[in-house]
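Trainee: Could you take a close look at one part of this model with me? I'd like to go through the charged side chains and how they pair up.

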Amino acid sequence: MGLVNGLPAHVLLVHFVVVLVPLTALALAVGAIWPNAARRMGLVLPLLALVTLVSVPLATEAGEWLEEHVDENALVSRHAELGDGLLPWALGLFVLSAVVWWAARRTAAAGAGTAESGTAGATRWSALPVRAAAVVLSLVVAAGAVVDVYRIGDSGAKAAWHDGFSKTATGQDADDH
């Protein structure tokens, strides 16, 4: 992946990652904590996580192309190093989103079948430790993914802008204010 409409593809693709990772993390956390929300989201939850997962290596590949076309420096190297660590978080978001979606469907189906026999409460209680583990794991992965995206974005902004602007207004801009 090189250029898109004259701009490095990384500059465009990274926006998908910056939006989709936090959005997926939020949807996962809400779905894990509130199974009713997971049922309402339905297949959207794992599909959103899949699109997020696919967007990460696309942005990373485009970033590797860009890294070869800019001057080498410590800031760019740090950004590339951090960027390589996002894929496991995105994979975790996808796997947990699929698990939360599957569990919500299974619980809904089991609830419909056990409501007639009066064992719905017993089914809910027996799954409580598994559900609690899923909630904790979902919150950890969601938070980790969002923090990692922030760290990567911050390092990328520093790499891109470290000498690219003046801290004081210059010439014409100063007259406009």
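Mentor: Sure, let's start with Arg151 and Asp148, whose side chains meet in a salt bridge with an N to O distance of 3.8 Å. Keep in mind that this is a predicted model. That 3.8 Å counts because the cut-off is a Lys or Arg side-chain nitrogen within 4 Å of a carboxyl oxygen of Asp or Glu. Both partners sit in helix H7, which covers residues 128-161, and they are three residues apart, about one turn of the helix. Now look at how each end is covered. Arg151 is partly exposed, with a relative accessibility of 37%, whereas Asp148 has a relative accessible area of 7% and is therefore buried.

Stay in helix H7 for another pair: Lys158 and Asp154 are four residues apart there, so about one helical turn separates them. They form a salt bridge too, and their closest N and O atoms are 3.1 Å apart. Here Lys158 is partly exposed at 45% relative accessibility, and Asp154 is also partly exposed, at 30%. The general idea is simple: side chains of opposite charge can pair when their charged atoms come close.

How many salt bridges does a search of the whole structure find? It finds three, and one of them is in helix H4, where Arg78 and Glu81 are three residues apart, about one turn of the helix. The N to O distance for Arg78 and Glu81 is 3.4 Å. Arg78 comes out as partly exposed at 38% relative accessibility, while Glu81, at 54%, counts as exposed.

While you're in helix H4, check His79, which is found there as well. Is His79 buried or exposed? It is buried, because its relative accessibility is 18% and the limit for buried is under 20%. The side chain of His79 also makes a polar contact of 3.0 Å with the side chain of Ser155.

Finally, have a look at some acidic side chains on the surface. Glu61, Glu64, Glu67, Glu68, Glu72 and Asp84 gather there in a patch of negative charge. Residues with a salt bridge are left out of such patches by definition, so the six in this patch are acids without one. One of them, Glu72, is placed in the loop between helix H3 (44-67) and helix H4 (74-83). With a relative accessibility of 76%, Glu72 counts as exposed.

How values were computed: Residues numbered from 1 in each chain as written. Predicted model: local features only at pLDDT ≥ 70, side-chain atom pairs only at ≥ 80, totals over all residues. Heavy atoms only, no water. Patch = residues over 30% accessible without salt bridge, like charges linked within 9 Å, V, L, I, M, F, W, Y side chains within 5 Å. Areas by Shrake-Rupley, 256 points an atom, 1.4 Å probe, with all protein chains shown as cover. Lys, Arg positive; Asp, Glu negative; His and termini not counted. Charge placed at Lys NZ, Arg CZ, Asp CG, Glu CD. Helix = DSSP H or I, 4+ residues; strand = E, 2+ residues; numbered from the N terminus. Buried < 20%, exposed > 50% of the residue type's maximum accessible area, 1.4 Å probe, protein only. Polar contact = N/O pair within 3.5 Å; in protein donor to acceptor, adjacent residues only side chain to side chain.
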